[in-house]
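Welcome! Please take a moment with the sequence and the model before reading on.

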Amino acid sequence: MADDTPNGERGSVFVPQMRLDELLSELQVRINAVMLVRDRVRSLLDAVVSIGSGLDLESTLRRIVSTAMDLVDARYGAMGVIGPGGELEQFIPLGMSDEEIAAVEHWPEGRGLLGILIKEPKTLRLSCISEHPESAGFPPGHPPMRTFLGVPIRVRNEVFGNLYLTEKRNNAVFDEEDEAIVTALATAAGIAIENARLYEETRRRETWLDASDEITTRLLSGTAPREVLHLVAKKARHMADADLVAIATPDRDEEELVVRIADGPDASVVRGRSTPVEGSLTGRAFRGADPIITELARESATSPTLLHGLDIGPVVLVPFGAPDSRRGVLILGKRAGRLPFPMPTVQMLHAFAGHAAVTLELAEARRHAERLIVLEDRDRIAKDLHDVVIQRLFAIAMSLMSSVRRIEDDTVAQRIQQAVDDLDDTIRQIRSTIFALQHNTEGGPAWLRSRILDVVGAATESLGFSPGVRLDGPIDSAVPDSIAEHVLAVLREALSNVARHARASQADIVVQVDSHVTLTVTDDGVGLPEQGRRSGLRNLAERAESLGGSFEAARRPEGGTMLRWQVPLPRE
């Protein structure tokens with residue numbers, strides 16, 4: 001029996017089966033593509049939520065770059081922030097280790113391909129960077145890169161910066177879908193950046209106002225300026241998130257700037273450093289009107305900043321004070337590898353430094369006014385003592401002197417004479433006080449009279465009692481500094497001897513100045529021993545001899561010891 005199915009019919013069944021398999025395969029491919037798009041859209045939505053979750057600007061920028069790298073499977077990514085002048089102000093790289101970052105000689109400066117994106121802010125996608133006519137190559141130490149995708153990020157219709165992605169993994173190239181996803185991410189990133197910038201601006205203003213208020217309060221409440229400068233450095237470091245802050249002030253001739261105040265881990269290393277005003281970066285900031293932002297590694301060895309030799313990268317130098325009354329330079333540094341100081345922070349530091357300088361000026365003016373009031377009061381008291389008190393005492397002494405001759409009782413006459421001598425001594429003491437009131441001004445030079453009283457005051461605790469002090473003659477005006485230092489040293493040694501050896505309950509000090517300086521110290525102690533060490537007394541004698549004077553130490557008849565140290569004053 002013959003087969004009723006012709007060969008042509010079997011072939012016709014096989015062909016539809018093949019077409020069905022092809023259609024199913026194509027459908028599977030399209031379903032996979034849809035699933036992939038769904039996953040990428042979901043990843044994009046998750047990324048949008050992620051980048052909008054933070055308010056810290058630097059963290060937000062890093063999160064945007066990291067998210068974009070994950071979405072398009074890029075090995076390297078970076079954010080380039082454009083400054084007000086159209087230059088590349090910040091460059092935030094990701095995907096490189098600390099060693100690779102340190103090996104790069106310098107970061108992009110806004111030329112070549114990056115310059116194109118700054119001048120013409122629109123998406124740029126390349127399969128090979130080196131083949132583009134505007135490619136400027138990579139700096140030494142930079143890892144090799146082939147594929148490239150650059151997308152501008154806009155904030156309120158202004159270009160904030162550019163998102164750079166390179167080296168798609170598995171040697172693939174960035175396609176249109178990658179471009180569309182990154183472009184969508186950039187739109188969401190602009191909103192996140194704007195929110196972070198508003199938050200940063202609010203936080204900066206609050207920090208600035210709090211710091212300025214505290215500094216003003218401290219100064220107007222009488223806190224010492226040096227302590228306030230420490231506070232300025234501390235607050236500036238906090239506001240700028242810096243690792244090291246130094247305040248350099250000029251010397252008397254304004255030829256050098258010296259670091260007086262520093263705050264941070266390396267403060268002790270920087271404190272005391274100096275640099276010339278002329279020819280130095282710090283001097284340029286001191287003479288100029290605007291802050292200087294730089295990278296420490298870019299400065300030549302002939303013009304180092306005061307932070308050289310430390311692990312410092314970004315640096316900003318802010319003039320401290322008005323141009324006509326410049327107080328110094330506020331220097332802030334971050335560790336190498338950290339982001340540079342953003343321009344809003346630098347502007348805030350400039351305003352903060354100006355406010356602090358004005359507050360210091362006002363506080364100093366207030367102190368000068370208060371000092372003037374004190375000096376006027378001292379002068380008035382001195383005049384009253386001279387014109388009223390001394391004249392009345394002198395009249396009383398003259399009256400008593402005229403009465404002595406009429407008194408026949410020797411005992412009474414002797415007592416009146418003693419009263420006259422006491423009045424004379426009182427008049428000399430008042431004149432000495434008048435001289436001190438008229439010449440010993442607060443904040444002025446350290447007068448010998450005051451230094452003598454300081455030495456006596458310092459010895460009171462070890463003595464156990466307050467010695468009597470009598471100062472006669474033009475002590476402050478007639479005694480040169482070279483002799484004054486010897487007088488103070490002899491007085492310290494004499495009081496030390498009384499405290500250690502005399503076992504005294506009373507001591508008197510007399511400093512008299514005429515043609516000589518005579519220092520006499522007496523006590524009511526046990527007196528000088530017949531035998532014993534006298535090395536301290538030999539030192540006092542040698543001091544006197546070196547100045548052409550004399551020294552005497554002896555037991556008092558009534559008990560105790562008398563030391564007399566005398567040297568001649570130089571003739572004019």
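What follows is a short tour of a sheet and of a pair of packed helices.

Before starting, keep in mind that this is a predicted model.

**The sheet**

Let us begin with the strands. Five of them, the 5 strands β2-β1-β5-β4-β3 in that order, form an open sheet with antiparallel pairing. At the edges sit β2, covering residues 88–94, and β3, covering 124–126, and each of these has a partner on one side only. From one strand to the next, the twist averages 15°.

How many bridges join the strands? The table gives the counts for three antiparallel pairs, and the text after it picks out one residue pair from each.

| Strand pair | Sense | Bridges |
|---|---|---|
| β1 and β2 | antiparallel | 6 bridges |
| β1 and β5 | antiparallel | 7 bridges |
| β4 and β5 | antiparallel | 8 bridges |

Strand β1 spans residues 74–82. Along β1, G80 stands opposite F91 in β2, while A78 has Y164 in β5 as its bridge partner. On β4, I153 faces G161 of β5 as its opposite number.

Strands β4 and β5 also make a hairpin, with 2 residues between them. In that turn you will find R156, whose phi is positive at about 55°.

Is β5 mostly covered or mostly open? It is mostly covered: 9 of its 11 residues are buried. A helix also lies over part of the sheet: α5, residues 176–220, lies across β3, β4 and β5. Its direction makes an angle of about 35° with β4, which runs through residues 148–155, and β5 takes up residues 158–168.

**Two helices side by side**

Now let us move further along the chain. Helix α11 (residues 448–463) packs with helix α13 (residues 481–502) at an angle of about 15°, and their axes are 10 Å apart. Angles under 35 degrees count as roughly parallel, and α11 and α13 are therefore roughly parallel to each other. The crossing of α11 past α13 is right-handed.

Which residues make the contact? From α11 come L448, R451, I452, V455, V456, A459, S462 and L463, and from α13 come A484, E485, L488, L491, R492, L495, V498 and A499. Sorted by kind, the residues of this contact are 12 nonpolar, 1 polar and 3 charged.

Methods. Residues numbered from 1 in each chain as written. Predicted model: local features only at pLDDT ≥ 70, side-chain atom pairs only at ≥ 80, totals over all residues. Heavy atoms only, no water. Pairing = 2+ DSSP bridges. Helix = DSSP H or I, 4+ residues; strand = E, 2+ residues; numbered from the N terminus. Axes fitted to C-alpha atoms, helices over the stretch in contact; angles between N-to-C directions. Contact = heavy atoms within 4.5 Å. Buried < 20%, exposed > 50% of the residue type's maximum accessible area, 1.4 Å probe, protein only. Parallel < 35°, antiparallel > 145°, perpendicular 65-115°, else oblique. Left-handed = near helix turned anticlockwise from the far one by under 90°. Nonpolar A, V, L, I, M, F, W, Y, C, P; charged D, E, K, R; others polar.
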